[in-house]
Amino acid sequence: DRQTLVAVLQFLRRSNLRESEEILRREARLLGDDLGGSIATVATSSPGVAAVAAVPPGKGEARGDCGVGPSSRREPRKVGTPCAARSLGSSPLSEQLLLAGAFAVGGAVVVEDQPDVSAVLSAYNQQGDPTLYEEYYSGLKHFIECSLDCHRAELSQLFYPLFVHMYLELVYNQHESEAKSFFERFHGDQECYYQDDLRVLSSLTKKEHMKGNETMLDFRTSKFVLRISRDSYQLLKRHLQEKQNNQIWNIVQEHLYIDIFDGMPRSKQQIDAMVGSLAGEAKREANKAKVFFGLLKEPEFDVPLDDEDEEGENEEGKPKKKKPKKDNVGSKSKKQDPNAPPQNRIPLPELKDSDKLDKVMNMKEAARRVRLGPECLPSICFYTFLNAYQGLTAVDITDDSSMIVGGFADSTVRVWSVTPKKLRSVKTAADLSLIDKESDDVLERIMDEKTASELKILYGHSGPVYGTSFSPDRNYLLSCSEDGTVRLWSLQTFTCLVGYKGHNYPVWDTQFSPYGYYFVSGGHDRVARLWATDHYQPLRIFAGHLADVTCTRFHPNSNYIATGSADRTIRLWDVLNGNCVRIFTGHKGPIHSLAFSPNGRFLATGATDGRVLLWDIGHGLMVGELKGHTDTIYALRFSRDGEILASGSMDNTVRLWDAVKAFEDLETDDFTTATGHINLPENSQDLLLGTYMTKSTPVVHLHFTRRNLLLAAGAYSSQ
């Protein structure tokens, strides 16, 4: 109401309260009928793209930008728009290489080297009076703690990033005693999930320490993202301007990205579910891109029906009464999934005759598959590695459950046959020349019976082996190691075919695409790389994580790759163009396991915090949290039809969860998607179907056979 506004302004002028009058004038212009020009237009036309504020003269706007350096002053631009144009064309993947120097910020790739350390740190030059830092911080703390409950939870998110930046500013400007006292006074107020970061921070007590510290650099180069409702933000802004608390206002401007949304402030519980990563929450823009999460149409070929017509039924998409049944060959109806990517979006290898035979076998097995559910839980067969003094570090099982591989800390890779059929190598070249190539059993004849054994040991790595993966056709095996290489082994000759060198540091995980040919690796150098078996160089480099990439997974349609990281985020990358299309935050510790649901719609993730989080990929939302494990979750796997999720942990248990119930009745309306007001069920115990203890064996790997028997693996630990 303009008249009231004018009256209040006149009263303030009469009372000589010039500052308050100025602030009110600015606020009124911002929220007036004409929306006060361009500043407000940006704020309203694209909520969440730019957090724009009217600020004291001479201060920049609070906004999100693609800048790498903290002081880069660029126009606000939408997140996810590449800062450097890249023309990758649509030529086959194997010919398109991503630049190795690309440094991605929030999914946008900036073709630039790592930022210059001194330039990054120099942002801390603008300093206030070091003795007043504690007063500034405690003033803000007092203001937030005394604000209304609805705003307090949101504004409390500011404590941690402000604490870190103020501490670093004191250290950088060599006020060591003030920094120490600041740290000691306020570090106890931070949320418990930041303890590990604070431990690193407490060791930075001199300016020199800051130069080589990666965590510190990350904190500096990536803006910490806070998602706050407009009301809470206005409250904060008004407080800081009234108090003329420029030091804190500068940090908010310079180092934080405030993602403002219109609507109700979020509750403490809603905020706690989403925060905890190294750089705050994901910007809402980061999860807006379209993702083709549907499955590709299976190639059509005739299935010889020998038992009854079960297989035919299976191909046509199962009786209508039950939920549509999907297995790993996608026993889908002939209709194209509306959410599936175009069939030729990325070039996939053609099916060989042996692949077709395998698919037929798979369909026959699927027809005899046990239908799981709360009333019908799977049997679990546990493979315990005894006397594994070499130190078991990785396990994988072939899709048809015929072989199991272990990667060990003594740098060996060991392959076992778990069927009566022993492992045999191909004969020598001289012997092969004597074979009749035309005979029907030529594939049998080429194998050398003298080499038959249950176990083959593969030597080649020069450090612990952290990841192993069988190719879908069971002809190849991948292993990755602390020595920085990924090796491709032949399961025909049990020799190493290629060593892929691209990572300069330990490689933590590797996995074959469900279609073979492509594989992904992730390591300590914070990037994931996409490779093709016939290329020495990676085809894609996925850069953007702020810490080690600890686990990698292909989406069932092979168009996307999920990576989990020690920065406590999960990212989904598009194989076609290398873009980051989803960033999921919510875990409070490094991610160690990922699993896509068989229908491609959902992702389950496990971390050192002992929680399994469930994500809706299409909407980019967290839709569930499964609590129960008490230690790191190293293994996650959905049953073949996606009804049950199995999780295996260092707490020596396997737990089974009701995935159907977890994903039904999801509230994914536009409001939730836009603001992140997620409502997780209070109690995940309703979803827990069973807990199975081992004597003293941490669970390293889980695998559902084609008939839904659950296989688990781990090494017995005597302590």
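**Exercise 1. Overall composition**

How many helices and how many strands does the chain have?

*Solution.* The structure is a predicted model. Its chain has 20 helices and 33 strands. Of the 719 residues in the chain, 56% are buried. For contacts between residues at least 6 apart in sequence, 62% join residues at least 24 apart.

**Exercise 2. The packing of helix 5 and helix 7**

Determine the relative orientation of helix 5 and helix 7, and describe the residues at their contact.

*Solution.*

Step 1. Helix 5 spans residues 133–146 and helix 7 spans residues 159–172; their axes lie 11 Å apart and form an angle of about 175°.

Step 2. Helix 5 is therefore roughly antiparallel to helix 7, since angles over 145 degrees count as roughly antiparallel.

Step 3. Helix 5 contributes Y133, Y136, Y137, L140, K141 and I144 to the contact, and helix 7 contributes F159, L162, F163, M166, E169 and L170.

Step 4. By class, the residues of this contact comprise ten nonpolar, no polar and two charged.

**Exercise 3. Strand 17 and its partners**

Establish whether strand 17 is enclosed or open to the outside, and trace its pairing with strand 16 and strand 18.

*Solution.*

Step 1. Strand 17 covers residues 518–523, and six of its six residues are buried, so the strand is largely enclosed by the rest of the structure.

Step 2. The side on which each residue points does not alter this result: Y518, V520 and G522 point one way, F519, S521 and G523 point the other way, and all are buried.

Step 3. Strand 16 (residues 507–512) pairs with strand 17 in the antiparallel sense over five bridges. Within this pair, D509 stands opposite G522. The two strands form a hairpin with five residues between them, and G516 in the turn has a positive phi of about 75°.

Step 4. Strand 18 (residues 527–532) also pairs with strand 17 in the antiparallel sense, over five bridges. Here L530 is the bridge partner of V520. Three residues lie between the strands of this hairpin, in which R526 takes a positive phi near 70°.

**Exercise 4. A sheet of three strands**

In what order do the three strands of the open sheet containing strand 5 lie, and which are the edge strands?

*Solution.*

Step 1. The order is 5-33-32, and the pairing is mixed.

Step 2. Strand 5 (380–385) and strand 32 (701–704) are the edge strands, as each pairs on one side only.

Step 3. From one strand to the next, the twist averages 20°.

Step 4. Strand 5 pairs with strand 33 (residues 710–715) in the parallel sense over six bridges. Within this pair, F385 stands opposite A715 in strand 33.

**Exercise 5. The environment of R345**

Locate R345, classify it as buried or exposed, and identify its contacts.

*Solution.*

Step 1. R345 belongs to the loop between helix 15 (310–315) and helix 16 (353–367).

Step 2. The relative accessibility of R345 is 15%, so the residue counts as buried; the cut-off for buried is under 20%.

Step 3. Leaving aside residues up to four places away in sequence, R345 touches F292, N559, Y560, D574 and L576.

Step 4. With N559, the side chain of R345 makes a side-chain polar contact of 3.1 Å. R345 is thus a buried loop residue with a polar side-chain contact to N559.

Definitions and conventions. Residues are numbered from 1 along each chain as its sequence is written. This is a predicted model: local features need pLDDT of at least 70, side-chain atom pairs count only at pLDDT 80 or more; totals for chains, interfaces and linings use all residues. Side-chain values use heavy atoms; hydrogens and water are left out. Helices (H or I, at least four residues) and strands (E, at least two) are DSSP runs, numbered from the N terminus. Buried means under 20% relative accessible area, exposed over 50%, partly exposed in between (1.4 Å probe, protein chains only). A polar contact is a pair of N or O atoms within 3.5 Å; within protein, one must be able to donate a hydrogen and the other to accept it, and residues adjacent in sequence count only if both atoms are side-chain atoms. Contact means heavy atoms within 4.5 Å. Axes are lines fitted to C-alpha atoms, for helices over the stretch in contact, and angles run from 0 to 180 degrees between N-to-C directions. Angles under 35 degrees count as roughly parallel, over 145 as roughly antiparallel, 65 to 115 as roughly perpendicular and the rest as oblique. Ala, Val, Leu, Ile, Met, Phe, Trp, Tyr, Cys and Pro count as nonpolar, Asp, Glu, Lys and Arg as charged, and the others, Gly among them, as polar. Two strands pair if DSSP finds at least two bridges between them.
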